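Please open the model in your viewer and keep the sequence panel beside it, since each stop below asks you to select something and then look at what is there.

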Amino acid sequence: VTLGTPEESLTFCAERAPGVSCYSDPSADSHHAFGLHRGSLAQMFGPDVWDAGVKATAKGHFFGSLKNEWQMPGVFVVDALGRIAFTYYSRHAGDYPTEQALLKALSAGSKTLDSAA
């Protein structure tokens, strides 16, 4: 779920997560429902955030326009049955799970779905 418009969400997800359903929630209601709230000054602009930004930039990743610069990020994988298969609450604005952790969660979610069918 992104904070962008539906069009921005579609573009973002097509580039970064093709084949995965993504949704738009500019109001951040879903973020709050999952327990993600406003970050502190240190969580948004502290040394760990700058360090993560430098590492991301070195890999060729840049951030786009900010929709709600104080909203703490998190990552959740919800399977097709509506079960939460993976949760990740970011410690700061630049803290995200590894791609390997996400792929493992997505793979486990699809296996759970297959065995439930």
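This tour begins with the whole chain and then goes from one selection to the next.

**The whole chain**

Begin with everything displayed as a cartoon, and keep in mind throughout that this is a predicted model. You should be able to find 5 helices and 2 strands, and if you trace the chain along its sequence, these elements follow the pattern α-α-α-α-β-β-α. Of the 117 residues of the protein, 23% count as buried. If you switch on a surface, its accessible area comes to about 8300 Å², and 61% of this belongs to carbon and sulfur atoms. Among the contacts with a separation of 6 or more, 55% are between residues 24 or more positions apart.

**The two strands**

Next, select residues 74–78, which form strand β1, and residues 84–89, which form strand β2. These two strands pair in the antiparallel sense over 5 bridges, and in this pairing V78 stands opposite I84 of β2. The hairpin has 5 residues between the strands, and there you can pick out G82, which takes a positive phi near 85 degrees.

Now show the side chains of β1: which of its residues point to the buried face? The buried ones are V75 and V77, which point to one face, while G74, F76 and V78 point to the other and are not buried. In a regular strand the side chains alternate between the two faces of the sheet.

**Three salt bridges**

Side chains of opposite charge can pair when their charged atoms come close. How many salt bridges does a search of the whole structure find? The search finds 3, and you can visit them in turn.

For one of them, select D79 and R83, whose side chains meet with an N to O distance of 3.0 Å. D79 counts as buried because its relative accessibility is 11%, under the cut-off of 20%, whereas R83, at 37%, counts as partly exposed.

Then move to helix α4, residues 47–58, and select K55 and D51, which are 4 residues apart in this helix and therefore separated by about one helical turn. Their closest N and O atoms are 3.2 Å apart in the salt bridge that they form. K55 is exposed, with a relative accessible area of 52%, and D51 is partly exposed, at 39%.

Another pair to select is R91 and D95, which form a salt bridge with the closest N and O atoms 3.6 Å apart. Is each partner buried or exposed? R91 is exposed, with a relative accessible area of 57%, while D95 counts as buried at 6%.

**H92, after the second strand**

From R91, step along to H92, which sits in the loop between β2 and α5. H92 counts as buried, with a relative accessibility of 11%, and its side chain reaches the backbone nitrogen of G94 at 3.0 Å. Show what surrounds H92 and, leaving aside its neighbours within four places in sequence, you will find it in contact with Q43, D48, V49, A52, M72 and P73.

**The loop between the helices α1 and α2**

Select D25 next, which lies in the loop between α1 and α2. What do its polar atoms meet? The side chains of D25 and S27 are joined by a polar contact of 2.6 Å, and a polar atom of the D25 side chain also lies 2.6 Å from the backbone nitrogen of S30. D25 counts as buried at 12% relative accessibility, and, not counting residues up to four places away in sequence, D25 touches V1, T2, L3, G4, S30 and H31.

Staying in this loop, between α1 (6–16) and α2 (29–33), select S21, which is exposed with a relative accessible area of 58%. Draw a distance from the C-alpha atom of S21 to that of V1, and it should read 9.0 Å, although these residues are 20 residues apart along the chain.

**A nonpolar patch**

For the last stop, show the surface and select V20, L103 and L106, which make a nonpolar surface patch of about 260 Å². Of these, L103 lies in helix α5, residues 99–116, and counts as exposed at 56% relative accessibility.

Methods: Residues numbered from 1 in each chain as written. Predicted model: local features only at pLDDT ≥ 70, side-chain atom pairs only at ≥ 80, totals over all residues. Heavy atoms only, no water. Buried < 20%, exposed > 50% of the residue type's maximum accessible area, 1.4 Å probe, protein only. Patch = residues over 30% accessible without salt bridge, like charges linked within 9 Å, V, L, I, M, F, W, Y side chains within 5 Å. Areas by Shrake-Rupley, 256 points an atom, 1.4 Å probe, with all protein chains shown as cover. Salt bridge = Lys/Arg side-chain N within 4 Å of Asp/Glu carboxyl O. Pairing = 2+ DSSP bridges. Polar contact = N/O pair within 3.5 Å; in protein donor to acceptor, adjacent residues only side chain to side chain. Contact = heavy atoms within 4.5 Å.
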